[in-house]
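This report covers the contact between two chains and the salt bridges of the model. The sequence and structure come first.

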Amino acid sequence: MKAGIEPILGRYLNCKIAGTDYRIYFEEAGEGTPLVCLHTAGSDARQWRHILTDSEITRNYRVIAFDMPRHGKSNPPVGFEREQYRLGRQEYIDLICGFCDAMELEKPVVMGCSIGGRIVLDLGLAHPSKFAALIGVQCSDHHKPWYDSTWMHRPDVHGGEICAAIVSGMMAPQSPTVSVQETLWYYKQSGPGVFKGDLYFYGAEGDIREEVSRFDTTQCPLYILTGEYDYSCTPENSEATAGRIAGAKMTRMKELGHFPMSENPAQFRKYLMPVLQDVHQTKAN
Amino acid sequence: MEVDDAGEGTLQKRVVDTLSKLPELARDDEVLIHAGRYASLDFIVTIGTQVCFVTVEQGRVVKVDSNPQKMRSSAFTLAAEPEDWDRFWQPAPEPGWHDLFAMNKRGHATIDGNLLPFMQNLQYFKDVMALPRQIWVKK
């Protein structure tokens, strides 16, 4: 391998969001419209490294990927050891908006995957004028927990191993082994109970089917991209979601699963580039 | 190694015959054996109406018994129809048949019993059950 320094710059943001002090790690590259990337439950912003190093994207976008508190290099808030982590819908919305405000991002595009793909729907409903566009990857307005999530956090089952083994089958068999294993590595490094805590709002606040029809895509365009091998958020789930939102643009992605940006970056790019070009064109007009 | 099949017998028999080759498929896979080094148990795989006991000792698949005694005890059971195991063992399976959990969620397979050892060694058991992809021939 030829030695080389990637154009990604990593820094820490200290900020207060909804009364809590955070030290949030983020990585960025590029110039132009801010494109904020949200990682999946139980992982971190490294999932987006191929987007951050794609010169065709960073030519028009300032790509920013941050680790949620408790994930990657973002510490948990003070006192975390005395609480059971349960991510709530409002807390998640506040976190994303708080990050964007602290970074002074003007009309960013937000792209999220899995829980990040779901929360973009909530962002669009709550703050339609705040974002230039929203991109939901593996995005659904209805997620019903289908298995016993306590397996992910108990002393007699290894947390890293079980979280990785659970998500391993959410990727497409065509995805390159090296990329699949890198995606799993992030899960193996996740903190105890974090994956389970991230999924909490899916169970408690996971059904917004009645609300999403209010999503105004004339104010904020919405794109949905879903890999066909995802059995957690299926293409059918995403298609049903898009069917409830006038103007939503949904694409079923072939030979991809739940982690398109990290399990097979080249394949994901085929579907993402037209979306980013569309967003860029719309903004230019 | 290929599954001997002259077009005789049912799909169920072909699946059972293929499952019976797990010990040799796993024998030289040192990474797999290491991954399952803390697993020693019997588990059941059902193929339609056929019950097979798979015996694992410290990560080695030592036996597949397709003629087990009644009331024999096992840790857990993985059950699917022959058509579903067929689709699961394709080299590039269709969405929904590419993973045991995917099959379970989609209703193509069930996973029952004492799931603690299964979940403690989840990737190992997923990988063991996917071994026949190396030799499965679509009819």
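In this predicted model, 9 residue pairs are in polar contact across the interface of chain B and chain A, with both residues at pLDDT 80 or more. On the side of chain B that touches chain A, helix H5 (100-106), helix H6 (115-120) and helix H7 (122-130) of chain B each supply at least two residues. H5(B) gives the most, with 5 residues. By class, that side of chain B has 9 nonpolar, 4 polar and 5 charged residues.

In total, 18 residues of chain B are in contact with 20 residues of chain A. The two chains bury about 1,600 Å² between them, 66% of it on carbon and sulfur atoms. On the chain B side, His98(B), Lys105(B) and Met119(B) lose the most area to chain A, together 33% of what that side buries.

The count between chain B and chain A is 1 salt bridge, whereas the whole structure has 24 over all chains. Some of the pairs are listed here.

| Salt bridge | N to O distance |
|---|---|
| Glu236(A) and Arg106(B) | 3.8 Å |
| Asp54(A) and Arg269(A) | 2.5 Å |
| Arg72(B) and Asp42(B) | 3.1 Å |
| Arg87(B) and Glu94(B) | 2.9 Å |

Asp54(A) lies in the loop between helix H1 (49-52) and helix H2 (55-58) of chain A and Arg269(A) in helix H11 (residues 265-284) of chain A, so their salt bridge ties together parts 215 residues apart in sequence. Asp54(A) counts as buried at 12% relative accessibility; Arg269(A) is partly exposed at 28%.

Within chain B, Arg87(B) is partly exposed at 29% relative accessibility, and its partner Glu94(B) is partly exposed at 36%. In chain A, a network of salt bridges links Arg89(A), Arg118(A), Asp122(A) and Glu211(A).

How values were computed:
Residues numbered from 1 in each chain as written. Chains lettered and ligands numbered in written order. Predicted model: local features only at pLDDT ≥ 70, side-chain atom pairs only at ≥ 80, totals over all residues. Heavy atoms only, no water. Contact = heavy atoms within 4.5 Å. Buried area = accessible area lost by both parts, 1.4 Å probe. Salt bridge = Lys/Arg side-chain N within 4 Å of Asp/Glu carboxyl O. Polar contact = N/O pair within 3.5 Å; in protein donor to acceptor, adjacent residues only side chain to side chain. Helix = DSSP H or I, 4+ residues; strand = E, 2+ residues; numbered from the N terminus. Nonpolar A, V, L, I, M, F, W, Y, C, P; charged D, E, K, R; others polar. Buried < 20%, exposed > 50% of the residue type's maximum accessible area, 1.4 Å probe, protein only.
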